[in-house]
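Got the model open in your viewer? Follow along, and we'll say what to select at each stop.

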Amino acid sequence: MPQDISGYDVGALLYCPANAHHTVAQAVAAERLPRPFSLALCLEDTVRADALAAAEQAVEQTLHDLTDTARQETFYRPLTFVRVRSPEQLARLGRAYGKYRPLLTGFILPKIFIETCGAYCAVIRDLQADGLDYFYMPVFEAPSLLPLHTRHAALAEVKAQLDALRECILNIRVGGNDLCHVFGLRRDPGHTIYDLRPVADVLTDLLTTFAPDYLVAGPVWEYYDGPGWAEGLAQECALDRLNGFVGKTVIHPKQIPIVNQSLQVSPADYADANSILAWDDPCLVAPSAEGTRMNEYQTHFRWAQRVAALGRRYGVTK
């Protein structure tokens, strides 16, 4: 398993329906997209079942073109993932696309929960046994998440299954739109996912379950034009960050710079984080660099790790 990739590198994950954008390889190679970003080629709910075979061929063509161009040219190569629609498809494509590793970083596992997690984990182990060392990003968006009388026990069981494969789980992801669909809800540009309390409660449970051990990425913001879309995205990104999400799914290149800006850290936070990580005083509490708050090694160390990692990857605000 490559050790120079972490969950912090995923950042803004740009979703592309596999059969809708036949020029994505050219756009990536020509560096026409804002950087940094990661790329998701979707074979699941953006593709009709009767168009799946053609979509799989389109993914293979994209991977082939990127691999071929990379042999001849130097360009920004995003972490690239394929979103599959079932464990059976993962087993087949994991082997079929093996020739594109390491350009193909891994796979996104949609609607994972108690009814599918075991099958996905079995396929991952089989692929590892064949020497195919992909990274994986499970997405929690299944309607079976919602019942209160089973949610917590099921989340604990799914986490236990994923923990056994933790070294290859790059991010945990959440599907805000799928969860909204169950309730018949849709946020407007002036409200965030956190204003939709039934959905926000599910997201809170997912963070409580996974955030202590994994990076959890925020849900997609579905607006990319019109009044207030950018301000709404920035507001939701700020709340994502405050609640512990790292990174966000995006559906349009215009969203990438806003997500990247939200991942930057303030000079005060960066200074304090580095000070905490380099702590050598026997007294484990001290004023912050600006003298405005308390830094305590025992309670702020994990915060400091996150801030330092984001600062190194996405920069420090001016």
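Before we start, a word on naming: helices (H or I, at least four residues) and strands (E, at least two) are DSSP runs, numbered from the N terminus. With that in hand, select proline 102, which sits in the loop between α3 and β4 (104-109). Keep in mind that this is a predicted model. Now look at the bond just before that proline: arginine 101 and proline 102 are joined by a cis peptide bond, with omega about 15°.

**Next, the loop between α1 and β2**

Jump to proline 36, found in the loop between α1 and β2 (38-42). Here too you'll find a cis peptide bond, running from arginine 35 to proline 36, with omega near -5°. While you're there, click on glutamate 31, which is also placed in the loop between α1 and β2. Glutamate 31 isn't a glycine, yet its phi is positive, at about 55°.

**Then tyrosine 76**

Where does tyrosine 76 sit? Select it and you'll land in the loop between α2 (52-72) and β3 (80-83). Show what surrounds this side of the model: setting aside neighbours within four places in sequence, tyrosine 76 is in contact with Val28, Glu31, Arg35, Pro36, Phe37 and Arg313. So you meet some residues from the previous stop again, among them Glu31 and Pro36. Try a distance too: the C-alpha atoms of tyrosine 76 and alanine 29 are 7.2 Å apart, while 47 residues separate the two in sequence.

**A helix pair: α3 and α4**

Color residues 87-96 (helix α3) and 117-129 (helix α4). The two pack at an angle of about 15°, and their axes lie 9 Å apart. Because angles under 35 degrees count as roughly parallel, α3 is roughly parallel to α4. Their crossing is right-handed. To see the contact, show Pro87, Leu90, Ala91, Gly94 and Arg95 on α3, then Ala119, Tyr120, Val123, Ile124, Asp126 and Leu127 on α4. By class, that contact comes to eight nonpolar, one polar and two charged residues.

**A second pair, and a cavity: α8 and α9**

Move on to α8 (229-243) and α9 (256-263). These helices pack at about 30°, with axes 9 Å apart, and the crossing is again right-handed. On the α8 side, pick Trp229, Ala230, Leu233, Ala234, Cys237 and Arg241; they meet Ile258, Val259, Ser262 and Leu263 of α9. The mix in this contact is eight nonpolar, one polar and one charged.

Stay put and turn on cavities. How many of 30 Å³ or more does the structure hold? Just one, with a volume of about 60 Å³. Select its lining: Cys237, Asp240, Arg241, Phe245, Val246, Gly247, Lys248, Val259, Ser262 and Leu263. Both α8 and α9 supply at least two of the lining residues. Sorted by class, the lining has five nonpolar, two polar and three charged residues.

**Last stop: the second largest pocket**

Finish by selecting Tyr15, Cys16, Pro17, Thr46 and Ile251, which lie nearest the centre of the second largest pocket, out of 26 lining residues. The space in there is about 560 Å³. Which elements supply at least two lining residues each? They are β1 (12-17), α1 (24-29), β6 (172-174) and α6 (176-183), and β1 gives the largest share, four residues. Color the lining by class and you should get 13 nonpolar, eight polar and five charged residues.

Note on methods: Residues numbered from 1 in each chain as written. Predicted model: local features only at pLDDT ≥ 70, side-chain atom pairs only at ≥ 80, totals over all residues. Heavy atoms only, no water. 1 Å grid on protein atoms, 1.4 Å probe; cavity = no way out; pocket = protein on both sides within 12 Å on 5 of 7 lines; lining within 4 Å. Points joined across faces, edges and corners; volume = space filled by probe spheres on them. Nonpolar A, V, L, I, M, F, W, Y, C, P; charged D, E, K, R; others polar. Axes fitted to C-alpha atoms, helices over the stretch in contact; angles between N-to-C directions. Parallel < 35°, antiparallel > 145°, perpendicular 65-115°, else oblique. Left-handed = near helix turned anticlockwise from the far one by under 90°. Contact = heavy atoms within 4.5 Å.
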